[in-house]
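Work through the two exercises below with the sequence and the structure at hand. Each task is followed by a solution in steps.

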Amino acid sequence: MVNQTNPHAAYLDPILARHRHNPADLLQILIAAQEAHGHIHTDAIDHLSAALDLPRAKIEGVAGFYSFLHLKPQGQYRVLFSDNITDRMLGNMELMNSLCSQLWVEAGKVSEDGLVSINTTSCTGMCDQGPALLVNNIAINRLTQERINAIAELIRERVPVSAWPAEFFAIEDNIRRRDILLDGHFQSGSALAALLQRGSDATLNEIKASKLRGRGGAGFSTGMKWEFCRNATGDAHYVVCNADEGEPGTFKDRVLLNGYADRVFEGMTLCARIIGAKQGFLYLRGEYRYLLEHLKAVLQHRRQQNLLGKGILGQADFDFDIEIHLGAGAYVCGEESALIESLEGKRGTPRNRPPFPVTHGYLNQPTVVNNVETFAATTLIAENGGAWYAGIGTETSSGTKILSVSGDCERPGLYEYPFGVTIAQVLADCGAHNTQAVQVSGASGVCLAPNEFQRRIAFDDIPTAGAFMVFDKTRDMFEVARNFIHFFAHESCGFCTPCRVGTSLLCNMMDKLAGGHGSPYDFAEIEKLNVLLQSTSHCGLGHSACNPVLDTIAKFRPAYDKRLAQKDFIPAFDLDRALSQARQMTGRDDTGAHLERNHEQS
Amino acid sequence: MSKANPPSFTLDGKTIPFGEGQTIIQAAMDAGVYIPHLCFNPEFKPHGSCKLCTVKADGRQTASCTQQAKDGMVVESDIKEINDERRALLQMLFVEGNHFCPSCEKSGNCQLQATAYELDMMSPHFDHFFPDRPLDASHPDYLLDFNRCILCSLCVRASRDVDGKNVFALSGRGIKSHLIVNAKSGHLADTDFSGDDKAAHVCPVGVILKKRVGFATPIGQRSFDEQPISATPHPVVKGA
Ligand SMILES: Cc1cc2nc3c(=O)[nH]c(=O)nc-3n(C[C@H](O)[C@H](O)[C@H](O)COP(=O)(O)O)c2cc1C
Ligand code: SF4
């Protein structure tokens with residue numbers, strides 16, 4: 001029985017009603033509950049547990065998984081600084097420290113008056129206009145000391161975020177190079193009209209003929225995925241658009257959703273018609289919460305145009321609609337089976353595969369999961385045919401790829417190229433000078449040195465989900481790798497032993513090297529860990545977690561060597577450092593409060 | 001390759017027959033062949049998280065608890081390469097928690113400890129994390145010592161799927177993942193947990209312990225003191 005006297009019922013009941021008391025919507029309900037109350041109150045869980053008939057431990061377990069959900073009170077203003085390496089290069093740490101000291105709060109804590117909490121978060125997808133932060137989940141970019149001072153003042157004066165200067169929230173598209181997708185004018189409904197004219201089977205054949213491969217990273221054939229799903233039997237079929245875009249340095253899906261949402265939704269609708277789905281989901285990362293109202297408006301407009309809803313374009317048997325689900329700060333939810341778990345309101349733990357989503361996806365029914373860019377590309381194919389599309393790009397990699405360029409270059413932003421473009425060409429176009437390295441496809445991708453800049457963006461050379469981070473000769477590639485390793489450790493879901501423990505061990509090793517306590521022994525250890533993670537991890541996150549370290553050790557060894565103060569192994573445990581707490585408590589820092597060994601070193 | 005009837009695969013050269021839908025480890029256990037494991041328990045649906053049961057199946061590494069057996073498959077398990085990896089996984093589990101075996105009531109009945117002996121793990125190798133994990137002694141009959149939790153989720157599954165109770169769940173993420181109980185207070189005493197639950201008897205390590213029976217069986221006479229874990233992977237523990 002729902003307890004009517006629960007003081008949280010007033011804001012929870014409308015949320016529950018909106019979600020039809022559906023336990024599969026638990027994550028969405030928790031996000032809304034937190035938006036209403038600031039955190040998920042323990043009494044609110046009583047009410048949700050009764051109303052949804054879910055054990056409280058399950059609700060706490062889900063809330064505890066997602067970085068953006070809080071079971072304890074947070075500051076009235078929750079400030080999260082994006083902490084990708086590109087933000088670091090633009091000075092985010094100095095800005096965060098400045099805000100912390102202006103507001104008298106320690107990073108990671110809530111201020112004593114409960115006014116503000118400040119912390120870091122994984123890449124928020126604003127690398128072309130960083131440093132960036134989120135305040136109460138809304139993005140602010142292009143931070144400067146001036147802007148930080150203004151933010152401190154607004155928080156001190158308790159000005160509601162909705163009344164902050166509008167220019168703080170401006171987000172640029174920064175489209176620098178357009179090709180077939182970003183250039184093409186799109187008339188809503190034109191791809192669907194082409195599909196209805198050609199027929200579903202013939203359209204599927206066009207998509208297969210286009211040789212389109214997934215743009216989210218794995219590069220699976222889109223036509224085959226749709227065909228497998230269409231052929232799978234189930235009570236219902238589902239279409240899911242993966243807009244989790246959590247890979248550090250990637251922001252092209254944000255721009256597509258901002259300016260090309262109609263195309264993306266139309267691509268999903270094409271898929272729905274072909275596989276026979278009535279329901280679709282867009283899984284939008286929590287960092288892009290600010291796009292929600294815009295996307296809902298686009299959906300509503302499409303319903304009005306009879307491009308969504310019942311009897312689409314007058315076809316009696318063509319019903320399809322799209323719901324938007326928000327993520328809540330969990331990179332692993334970009335992995336398609338973890339994404340489906342999250343859609344079902346659970347912890348985002350990747351499933352055991354097989355079975356794959358095409359046969360057992362959302363609610364164990366046949367489900368297509370595709371990336372935002374993939375769906376957008378299918379509309380071009382429906383309009384122009386598979387042969388046309390296959391003629392663009394290279395033999396193995398048809399069509400175009402959108403790159404999210406950031407880091408040390410004059411013109412960061414989106415660059416759409418036919419597949420086959422060289423790294424050097426991209427560097428020239430974006431105005432990069434004295435380039436030391438390029439990290440392609442994000443933290444889990446590959447780090448390229450100048451002798452590799454003639455290589456090409458293509459599935460059989462340098463495959464990519466879109467990130468392209470440029471580092472010039474002034475950058476310390478060790479710190480790049482260390483930043484990525486911390487990202488993986490923070491984002492590991494914790495399900496499997498090798499990744500849960502191994503990513504943290506790796507962090508400790510990198511921190512040990514950074515602190516000058518490393519020896520060649522540690523390199524051997526890192527390589528052993530890499531083999532273990534690659535061969536025993538449960539999902540792609542663990543498989544690729546060591547890549548940044550291995551790549552940079554192999555290609556930028558001097559960055560490591562200069563940290564090798566020790567020739568022989570020394571333990572990570574540092575007796576002098578262990579005494580730092582005692583020093584802090586006694587207010588001492590004289591030589592007598594330090595151990596002998598340290599004097600010799602310094 | 002000859003199609004035997006019933007279907008079978010080879011495990012380190014030995015022929016193992018398997019039934020419809022069986023995974024490698026299920027068939028191996030039925031045939032009396034031991035593959036190291038911790039989160040797997042033959043009474044439950046395979047989970048696949050500890051990765052200790054990793055084998056090489058047709059040259060590809062995979063968790064044998066979740067990998068379906070296939071006719072003619074060639075599986076390698078008791079080989080140096082794989083055992084080295086298993087040992088490293090065990091070491092990770094040891095340093096992740098706080099395992100002080102000599103003072104642990106589960107010593108000798110603990111699958112983590114016994115598997116470490118089985119795989120000749122001589123040291124924890126990695127630096128210890130020394131996490132801070134308070135005990136829960138609230139329940140009159142049972143103690144929860146989270147220091148030893150390896151997150152296998154067997155108690156979660158047993159309580160949910162067998163007892164129909166959901167006493168346990170996992171919360172947190174990554175290295176901060178941890179076991180929680182189904183009570184607003186966070187205390188076991190405030191749940192409907194009972195010693196008759198299946199969940200009270202599935203912990204492979206020493207988290208869920210019955211009170212007042214400590215050291216009833218002297219160390220030296222416990223299950224894995226008498227026989228290695230490879231001989232009896234899931235012994236009935238006396239007095240638990
Ligand atoms: C850890 C991890 C994170 C991922 N994140 C994303 C993501 O943010 N967006 C995405 O489209 N695919 C992501 N993927 C890939 C998806 O699992 C899946 O392959 C993809 O969504 C399929 O769509 P596509 O075929 O159109 O590329 C991720 C994979 C892994 C292992
Ligand atoms: S590899 Fe990492 S992210 Fe993937 S299932 Fe294992 S712990 Fe989770």
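**Exercise 1. Place strand 10 of chain A in its surroundings: is it largely enclosed or not, and which strands pair with it?**

Solution. The model is a predicted one.

Step 1. Buried here means under 20% relative accessible area. In strand 10 of chain A (residues 400-407), 7 of the 8 residues are buried, so the rest of the structure largely encloses this strand.

Step 2. Strand 11 of chain A (residues 413-418) pairs with strand 10 of chain A in the antiparallel sense, over 6 bridges. The two strands form a hairpin, with 5 residues between them. Within this pairing, A:Tyr415 of strand 11 stands opposite A:Leu403.

Step 3. Strand 14 of chain A (residues 467-472) runs parallel to strand 10 of chain A and is joined to it by 4 bridges. Here A:Val470 of strand 14 stands opposite A:Gly407.

**Exercise 2. Describe the interface of chain B and chain A: how much area is buried, and how many salt bridges cross it?**

Solution.

Step 1. Chain A gives 43 residues to the contact and chain B gives 34. Together the chains bury about 3,000 Å², with 56% of it on carbon and sulfur atoms. On the side of chain B, the most area is lost by B:Met92, B:Arg173 and B:Lys184, together 26% of what that side buries.

Step 2. The rule finds 4 salt bridges across the interface. One of them links A:Arg500 to B:Glu96, with the closest N and O atoms 2.6 Å apart.

Step 3. Residue pairs in polar contact between the chains number 22, counting pairs with both residues at pLDDT 80 or more. Helix 2 of chain B provides the largest share of the chain B side, 6 residues. By class, that side has 15 nonpolar, 13 polar and 6 charged residues.

Definitions and conventions
Residues numbered from 1 in each chain as written. Chains lettered and ligands numbered in written order. Predicted model: local features only at pLDDT ≥ 70, side-chain atom pairs only at ≥ 80, totals over all residues. Heavy atoms only, no water. Buried < 20%, exposed > 50% of the residue type's maximum accessible area, 1.4 Å probe, protein only. Pairing = 2+ DSSP bridges. Contact = heavy atoms within 4.5 Å. Buried area = accessible area lost by both parts, 1.4 Å probe. Salt bridge = Lys/Arg side-chain N within 4 Å of Asp/Glu carboxyl O. Polar contact = N/O pair within 3.5 Å; in protein donor to acceptor, adjacent residues only side chain to side chain. Nonpolar A, V, L, I, M, F, W, Y, C, P; charged D, E, K, R; others polar.
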